[in-house]
Amino acid sequence: EISRKLLRINLSDIAAMGAKPYGFFLNVAIPKSKSSKWFRGFISGLKTDMSKYNIKLFGGDLSESPKVFLSATILGKTGLSCHTKNFAKCGSKIYVSGSIGDAPLGFLLTQKKNNYLCSKKIKDSLISSFKLPEPRISLGKRILKGADFCTDISDGLLREILLISNQSNLQANIFLDKIPLSSCVKEILNKNKNNKEEVWEVILSGGEDYELLFSFNNKNAKLFNKV
(Lines give C-alpha, C1' and ligand atoms only; values in the text may rest on other atoms or scores of the structure.)
Protein backbone atom coordinates (compact mmCIF):
# COMPACT_ATOMS: atom_id res chain seq x y z
CA GLU A 1 0.00 0.00 0.00
CA ILE A 2 2.88 2.39 0.74
CA SER A 3 4.47 1.95 -2.67
CA ARG A 4 1.12 2.23 -4.44
CA LYS A 5 0.21 5.45 -2.63
CA LEU A 6 3.67 6.85 -3.38
CA LEU A 7 3.01 6.37 -7.09
CA ARG A 8 -0.58 7.59 -6.98
CA ILE A 9 0.03 10.89 -5.23
CA ASN A 10 2.65 11.66 -7.85
CA LEU A 11 0.35 10.49 -10.64
CA SER A 12 -2.20 12.97 -9.30
CA ASP A 13 0.23 15.78 -10.15
CA ILE A 14 0.45 14.42 -13.68
CA ALA A 15 -3.37 14.37 -13.85
CA ALA A 16 -3.49 18.01 -12.69
CA MET A 17 -1.30 18.92 -15.67
CA GLY A 18 -3.56 17.10 -18.13
CA ALA A 19 -0.64 14.86 -19.06
CA LYS A 20 -0.20 11.16 -19.71
CA PRO A 21 2.12 9.36 -17.24
CA TYR A 22 5.20 7.78 -18.81
CA GLY A 23 7.73 6.66 -16.18
CA PHE A 24 9.37 7.45 -12.86
CA PHE A 25 12.59 7.53 -10.84
CA LEU A 26 12.53 5.97 -7.38
CA ASN A 27 14.74 6.56 -4.34
CA VAL A 28 14.44 4.15 -1.41
CA ALA A 29 16.37 4.25 1.87
CA ILE A 30 15.55 1.58 4.49
CA PRO A 31 16.99 0.36 7.80
CA LYS A 32 18.88 -2.91 8.03
CA SER A 33 16.09 -4.25 10.20
CA LYS A 34 13.63 -4.21 7.30
CA SER A 35 13.34 -7.78 6.13
CA SER A 36 13.28 -9.07 2.59
CA LYS A 37 9.58 -9.84 3.16
CA TRP A 38 8.86 -6.11 3.65
CA PHE A 39 10.78 -5.24 0.50
CA ARG A 40 9.04 -7.94 -1.53
CA GLY A 41 5.70 -6.48 -0.48
CA PHE A 42 6.88 -3.00 -1.47
CA ILE A 43 7.96 -4.24 -4.89
CA SER A 44 4.70 -6.14 -5.36
CA GLY A 45 2.75 -2.92 -4.84
CA LEU A 46 4.96 -1.13 -7.37
CA LYS A 47 4.38 -3.82 -9.98
CA THR A 48 0.62 -3.71 -9.44
CA ASP A 49 0.29 0.02 -10.12
CA MET A 50 3.01 0.15 -12.78
CA SER A 51 0.83 -2.26 -14.72
CA LYS A 52 -2.42 -0.48 -13.84
CA TYR A 53 -1.18 2.93 -15.02
CA ASN A 54 1.22 1.66 -17.70
CA ILE A 55 4.32 3.41 -16.36
CA LYS A 56 8.01 2.43 -16.45
CA LEU A 57 10.69 2.51 -13.78
CA PHE A 58 13.67 4.41 -15.23
CA GLY A 59 16.01 3.93 -12.27
CA GLY A 60 16.93 5.55 -8.97
CA ASP A 61 18.83 4.84 -5.76
CA LEU A 62 18.69 2.23 -2.99
CA SER A 63 20.49 2.99 0.26
CA GLU A 64 20.51 2.44 4.03
CA SER A 65 18.89 4.82 6.50
CA PRO A 66 17.81 4.77 10.18
CA LYS A 67 14.24 5.31 8.98
CA VAL A 68 12.34 4.48 5.80
CA PHE A 69 12.74 7.24 3.21
CA LEU A 70 10.86 7.14 -0.12
CA SER A 71 10.87 9.56 -3.01
CA ALA A 72 9.43 9.24 -6.52
CA THR A 73 9.66 11.61 -9.46
CA ILE A 74 7.17 10.90 -12.25
CA LEU A 75 7.46 12.13 -15.82
CA GLY A 76 4.53 12.57 -18.18
CA LYS A 77 3.85 13.36 -21.82
CA THR A 78 1.65 16.13 -23.17
CA GLY A 79 0.32 16.97 -26.58
CA LEU A 80 0.08 20.56 -27.76
CA SER A 81 -1.10 21.85 -24.41
CA CYS A 82 -1.23 21.22 -20.66
CA HIS A 83 -2.73 22.92 -17.61
CA THR A 84 -0.34 25.83 -17.07
CA LYS A 85 -2.74 28.52 -15.82
CA ASN A 86 -3.22 29.07 -12.11
CA PHE A 87 -5.79 31.84 -12.48
CA ALA A 88 -9.58 31.62 -12.31
CA LYS A 89 -11.92 33.96 -14.21
CA CYS A 90 -14.65 36.09 -12.68
CA GLY A 91 -17.99 34.25 -12.68
CA SER A 92 -16.51 30.82 -13.41
CA LYS A 93 -17.98 27.74 -11.75
CA ILE A 94 -15.79 25.65 -9.45
CA TYR A 95 -15.72 21.86 -9.79
CA VAL A 96 -14.12 18.89 -8.05
CA SER A 97 -13.63 15.51 -9.67
CA GLY A 98 -15.19 13.43 -6.88
CA SER A 99 -16.32 13.49 -3.27
CA ILE A 100 -14.43 15.49 -0.65
CA GLY A 101 -13.45 14.52 2.88
CA ASP A 102 -13.15 10.73 2.60
CA ALA A 103 -9.36 10.58 2.86
CA PRO A 104 -8.81 12.98 5.80
CA LEU A 105 -11.60 11.30 7.77
CA GLY A 106 -10.07 7.94 6.86
CA PHE A 107 -6.74 9.10 8.25
CA LEU A 108 -8.34 10.19 11.54
CA LEU A 109 -10.09 6.82 11.80
CA THR A 110 -6.68 5.11 11.76
CA GLN A 111 -5.73 6.98 14.93
CA LYS A 112 -6.44 5.45 18.34
CA LYS A 113 -7.71 8.77 19.69
CA ASN A 114 -10.47 9.19 17.09
CA ASN A 115 -13.96 9.48 18.56
CA TYR A 116 -16.13 9.30 15.45
CA LEU A 117 -19.11 6.96 15.45
CA CYS A 118 -19.55 4.85 12.30
CA SER A 119 -20.00 1.28 11.13
CA LYS A 120 -17.01 -0.94 10.40
CA LYS A 121 -17.94 -0.95 6.71
CA ILE A 122 -17.85 2.84 6.57
CA LYS A 123 -14.62 2.98 8.55
CA ASP A 124 -12.90 0.50 6.22
CA SER A 125 -14.10 2.37 3.14
CA LEU A 126 -12.82 5.74 4.38
CA ILE A 127 -9.46 4.28 5.43
CA SER A 128 -9.14 2.72 1.98
CA SER A 129 -9.72 6.17 0.42
CA PHE A 130 -6.86 7.53 2.53
CA LYS A 131 -4.49 4.67 1.70
CA LEU A 132 -5.20 4.39 -2.03
CA PRO A 133 -6.34 7.62 -3.73
CA GLU A 134 -7.43 7.44 -7.35
CA PRO A 135 -5.52 9.82 -9.67
CA ARG A 136 -7.94 11.39 -12.17
CA ILE A 137 -5.71 11.09 -15.21
CA SER A 138 -8.37 10.76 -17.92
CA LEU A 139 -10.38 13.70 -16.57
CA GLY A 140 -7.29 15.89 -16.41
CA LYS A 141 -6.80 15.34 -20.14
CA ARG A 142 -10.50 15.70 -20.97
CA ILE A 143 -10.81 19.21 -19.52
CA LEU A 144 -7.68 20.60 -21.18
CA LYS A 145 -9.52 22.73 -23.72
CA GLY A 146 -11.93 24.50 -21.42
CA ALA A 147 -10.70 24.74 -17.83
CA ASP A 148 -9.47 28.06 -16.43
CA PHE A 149 -7.12 26.25 -14.08
CA CYS A 150 -6.60 22.76 -12.67
CA THR A 151 -4.85 21.50 -9.55
CA ASP A 152 -5.12 18.49 -7.27
CA ILE A 153 -6.36 18.64 -3.68
CA SER A 154 -3.46 17.53 -1.54
CA ASP A 155 -3.56 20.26 1.13
CA GLY A 156 -7.33 20.60 1.60
CA LEU A 157 -10.12 22.13 -0.49
CA LEU A 158 -10.10 25.53 1.23
CA ARG A 159 -6.34 25.96 1.07
CA GLU A 160 -6.21 25.11 -2.63
CA ILE A 161 -9.10 27.48 -3.43
CA LEU A 162 -7.54 30.25 -1.34
CA LEU A 163 -4.29 29.93 -3.27
CA ILE A 164 -6.06 30.22 -6.64
CA SER A 165 -8.28 33.07 -5.39
CA ASN A 166 -5.31 35.08 -4.15
CA GLN A 167 -3.42 34.57 -7.40
CA SER A 168 -6.52 35.56 -9.38
CA ASN A 169 -7.41 38.53 -7.12
CA LEU A 170 -10.92 37.07 -6.81
CA GLN A 171 -13.21 35.76 -4.09
CA ALA A 172 -14.55 32.20 -4.20
CA ASN A 173 -18.06 31.50 -2.93
CA ILE A 174 -18.38 27.97 -1.52
CA PHE A 175 -21.74 26.53 -0.46
CA LEU A 176 -21.71 23.53 1.87
CA ASP A 177 -24.81 22.00 0.30
CA LYS A 178 -23.10 22.01 -3.11
CA ILE A 179 -19.97 20.14 -1.98
CA PRO A 180 -20.13 16.51 -3.19
CA LEU A 181 -20.00 14.10 -0.26
CA SER A 182 -19.89 10.33 -0.35
CA SER A 183 -22.46 8.21 1.52
CA CYS A 184 -19.66 7.33 3.97
CA VAL A 185 -18.97 10.96 4.85
CA LYS A 186 -22.69 11.65 5.14
CA GLU A 187 -22.96 8.82 7.68
CA ILE A 188 -20.13 10.35 9.72
CA LEU A 189 -21.97 13.69 9.72
CA ASN A 190 -25.29 12.08 10.68
CA LYS A 191 -23.88 9.94 13.49
CA ASN A 192 -21.64 12.64 14.96
CA LYS A 193 -23.97 15.62 15.16
CA ASN A 194 -22.34 16.86 18.36
CA ASN A 195 -19.05 17.15 16.45
CA LYS A 196 -20.56 18.38 13.18
CA GLU A 197 -18.49 21.56 12.95
CA GLU A 198 -15.31 19.59 13.63
CA VAL A 199 -16.21 17.06 10.93
CA TRP A 200 -16.84 19.84 8.41
CA GLU A 201 -13.47 21.38 9.25
CA VAL A 202 -11.82 18.04 8.44
CA ILE A 203 -13.79 17.74 5.18
CA LEU A 204 -12.84 21.24 4.03
CA SER A 205 -9.27 21.48 5.29
CA GLY A 206 -8.00 17.95 5.92
CA GLY A 207 -6.25 17.30 2.61
CA GLU A 208 -5.15 13.96 1.11
CA ASP A 209 -8.21 13.67 -1.18
CA TYR A 210 -6.16 14.02 -4.39
CA GLU A 211 -9.26 14.95 -6.37
CA LEU A 212 -8.93 17.52 -9.16
CA LEU A 213 -10.07 21.07 -8.49
CA PHE A 214 -10.80 23.22 -11.55
CA SER A 215 -13.11 25.89 -12.94
CA PHE A 216 -14.98 26.65 -16.15
CA ASN A 217 -16.50 29.91 -17.34
CA ASN A 218 -20.24 29.79 -18.05
CA LYS A 219 -19.84 29.07 -21.77
CA ASN A 220 -17.39 26.21 -21.31
CA ALA A 221 -19.32 24.87 -18.30
CA LYS A 222 -22.35 24.20 -20.52
CA LEU A 223 -20.20 22.18 -22.88
CA PHE A 224 -18.51 20.33 -20.02
CA ASN A 225 -21.82 19.39 -18.39
CA LYS A 226 -22.94 17.70 -21.62
CA VAL A 227 -19.89 15.39 -21.73
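# Briefing: strands, helices and a surface patch

Strand β4 (residues 93-96) pairs with β6 in the antiparallel sense, and four bridges link the two strands. The structure is a predicted model, and β6 is a useful place to begin reading it, since its residues 212-216 are five of five buried, so the strand is largely enclosed by the rest of the structure. The points below start with this strand, continue with two helices, and end at the surface.

**Strand β6 and its partners**

- Besides pairing with β4, strand β6 is joined by three bridges to strand β5 (residues 150-152), and these two strands also run antiparallel.
- Leu213 of β6 is the bridge partner of Val96, and Leu213 is likewise the bridge partner of Thr151.
- The side chains of β6 point in two directions, with Leu212, Phe214 and Phe216 going one way while Leu213 and Ser215 go the other way, and all of them are buried.

**Helix α1**

- Helix α1 (residues 2-16) is made of 15 residues and spans 22 Å between its first and last C-alpha, which is close to the 21 Å expected at 1.5 Å a residue.
- Because 11 of the 15 residues in α1 are buried, the helix is largely enclosed by the rest of the structure.
- Among those buried residues are Leu6, Leu7, Leu11 and Ile14, but the list also includes Lys5, Arg8 and Asn10, along with Ser3 and Ser12.
- Gly18 follows α1, and its phi is positive, with a value near 75°.

**Helix α8**

- In helix α8 (residues 196-205), the residues Val199, Trp200, Val202, Ile203 and Leu204 are buried.
- These buried residues of α8 pack against three other helices, namely α3 (102-109), α6 (157-168) and α7 (183-191).
- Just after α8 comes Gly207, which has a positive phi of about 80°.

**A nonpolar patch on the surface**

- Tyr22, Phe25, Phe58 and Leu75 together make a nonpolar surface patch of about 330 Å².
- One of these patch residues, Tyr22, lies in strand β1 (residues 20-30).
- Tyr22 has a relative accessibility of 31%, and it therefore counts as partly exposed, a class that falls between buried, under 20%, and exposed, over 50%.

Conventions. Residues numbered from 1 in each chain as written. Predicted model: local features only at pLDDT ≥ 70, side-chain atom pairs only at ≥ 80, totals over all residues. Heavy atoms only, no water. Patch = residues over 30% accessible without salt bridge, like charges linked within 9 Å, V, L, I, M, F, W, Y side chains within 5 Å. Areas by Shrake-Rupley, 256 points an atom, 1.4 Å probe, with all protein chains shown as cover. Salt bridge = Lys/Arg side-chain N within 4 Å of Asp/Glu carboxyl O. Buried < 20%, exposed > 50% of the residue type's maximum accessible area, 1.4 Å probe, protein only. Expected span 1.5 Å × (residues − 1). Contact = heavy atoms within 4.5 Å. Pairing = 2+ DSSP bridges.
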